[in-house]
Amino acid sequence: TIRDRVLGTDHPHTEIAQMNLGLAYFQDGRFGEAITQLERIVPNIEGSGVHTHSNAPRTRINLGPADLNATKVRMNLGLAYLFNGRVREAISILEQVVPDFESGSGPDHHDTLRARMNLGLAYLGDQRPTEAISILEQVVPDFESRSGPDHHETIKARMNLGLAYLEDQRTNEAISILEQVVPDFESGSGPDHHETIKARMNLGLAYHDDQRTNEAISILEQVVSDFESNAGVDHPDTVGARAILARTYRDDGRIKDAVTLGERVLTQRERTLGADHQYTMAARAILARTYRDDGRINDAVTLGGQILTGRERTRGADHPDTITSREMLAWLFVRAERVRDAVTLFEQAVIDRERTLGVGHPDTIAARSLLANLAKLIGESETPSPSGSRSSRTENVSSEPTTPKPSEGHQPRV
């Protein structure tokens, strides 16, 4: 602020101060504020440059888009987009940053490897695990060759590869990597370092996905406590760890604990990220399913409707997350015995799946089969039972799949 006032907003020292402030916000998990700062300086450093510090007449040093300093700032902006949930914008930047580093520094330079790792992580955040794995499986040996197997960035690359395997449902491979990453971070950075705590959180997530809920809960409860002490109760990683723990409580049948924690996560994300942020949507989806398991069907339906409306508005009707949200709300309607409303949504889901996946895709076939069963159920429900009452037959419909939906996904980790 002082440099803005004294030197002007376009002075190079002001721009450097803005960049440093943006990086400080990033390190503190304040990604929205980091984006605001970095977006202000990227056009300036790409279009004009900075002054030298010599006593000679001040000249401009070109920092065009391919300049390495400008490229680093753009990479940091891409990461800030990624961790703020703006995944497509992150990918757009990082896909250009990688070739810029390759041409400016070479394919084996440390910055080039970091850029490739970050692009792999962005693909993972976009639910493209195959592409992420393809990049990260090469980045890990490259880091090992350049920096050594015990280097911080090498360990981080292995952790991200473990997460990519986990997203690709290669759970055993993921656990094998993550179980080694934790002691590697503990040895290199210390047991209380933020990266070490993050590694333990990712191992807890892997145990959750492997249905080792007791081990997952043991790890995640300690992780939440450690993050609260080291990073603060509202840090994104603290909230993310709570979200994973809430899911694990739910899957372990500790529904009341899951509700309490899930409500806290949703409140925090609405306050810090806004109602339409993708991580807020994910928290809402987790809580909706927890309400369902707690018998609070009407509350679950309310949240399911909010999720669908928000995703249609922010991502469009054909986005995979929107289609998943539509199907989730349809399942909630089934549980609420609002079968006609469920049929309406599943009819749309069949159309969506046929258009986006094709008529022969297994998900399309499953949606079409379910729709036929529900349509049959409507006819049966209008036939009086022998006792003269109209009995509920929703239990005859195949139960909702228990596989975690994309809307429940965890936010990307670095």
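How closely do the axes of helix α12 (residues 236-251) and helix α13 (residues 255-273) come, and at what angle do they cross? The two axes come within 8 Å and cross at roughly 155 degrees, where axes are lines fitted to C-alpha atoms, for helices over the stretch in contact, and angles run from 0 to 180 degrees between N-to-C directions. That angle makes α12 roughly antiparallel to α13, since angles under 35 degrees count as roughly parallel, over 145 as roughly antiparallel, 65 to 115 as roughly perpendicular and the rest as oblique.

This is a predicted model, in which local features need pLDDT of at least 70 and side-chain atom pairs count only at pLDDT 80 or more, while totals for chains, interfaces and linings use all residues. Residues are numbered from 1 along each chain as its sequence is written, and side-chain values use heavy atoms, with hydrogens and water left out. Helices (H or I, at least four residues) and strands (E, at least two) are DSSP runs, numbered from the N terminus.

The contact between α12 and α13 (heavy atoms within 4.5 Å) involves several residues, including Val239, Ala243 and Tyr249 of α12 and Ile255, Leu261 and Val265 of α13.

The structure also holds two aromatic pairs, a term for rings of Phe, Tyr and Trp (its six-membered ring) whose centres lie within 6.5 Å, with planes under 30 degrees apart counted as stacked, over 60 as edge-to-face and the rest as tilted. In one of them, the rings of Trp331 and Phe346 have centres 5.8 Å apart and planes at 85 degrees, so this pair is edge-to-face. Trp331 belongs to helix α16 (residues 320-335) and Phe346 to helix α17 (residues 339-356), 15 residues apart. Both Trp331 and Phe346 are buried, where buried means under 20% relative accessible area, exposed over 50% and partly exposed in between (1.4 Å probe, protein chains only).

Most residues other than glycine have a negative phi, yet two loop glutamines have positive values, as the table shows.

| Residue | Phi | Loop | Relative accessible area |
|---|---|---|---|
| Gln127 | about 60 degrees | between α6 (110-125) and α7 (129-147) | 35%, partly exposed |
| Gln211 | near 65 degrees | between α10 (194-209) and α11 (213-230) | 69%, exposed |

Finally, Glu89 is found in helix α5 (residues 87-105) and is partly exposed, with a relative accessible area of 35%. The C-alpha atoms of Glu89 and Gly78 are separated by 7.1 Å, although these residues stand 11 apart along the chain.
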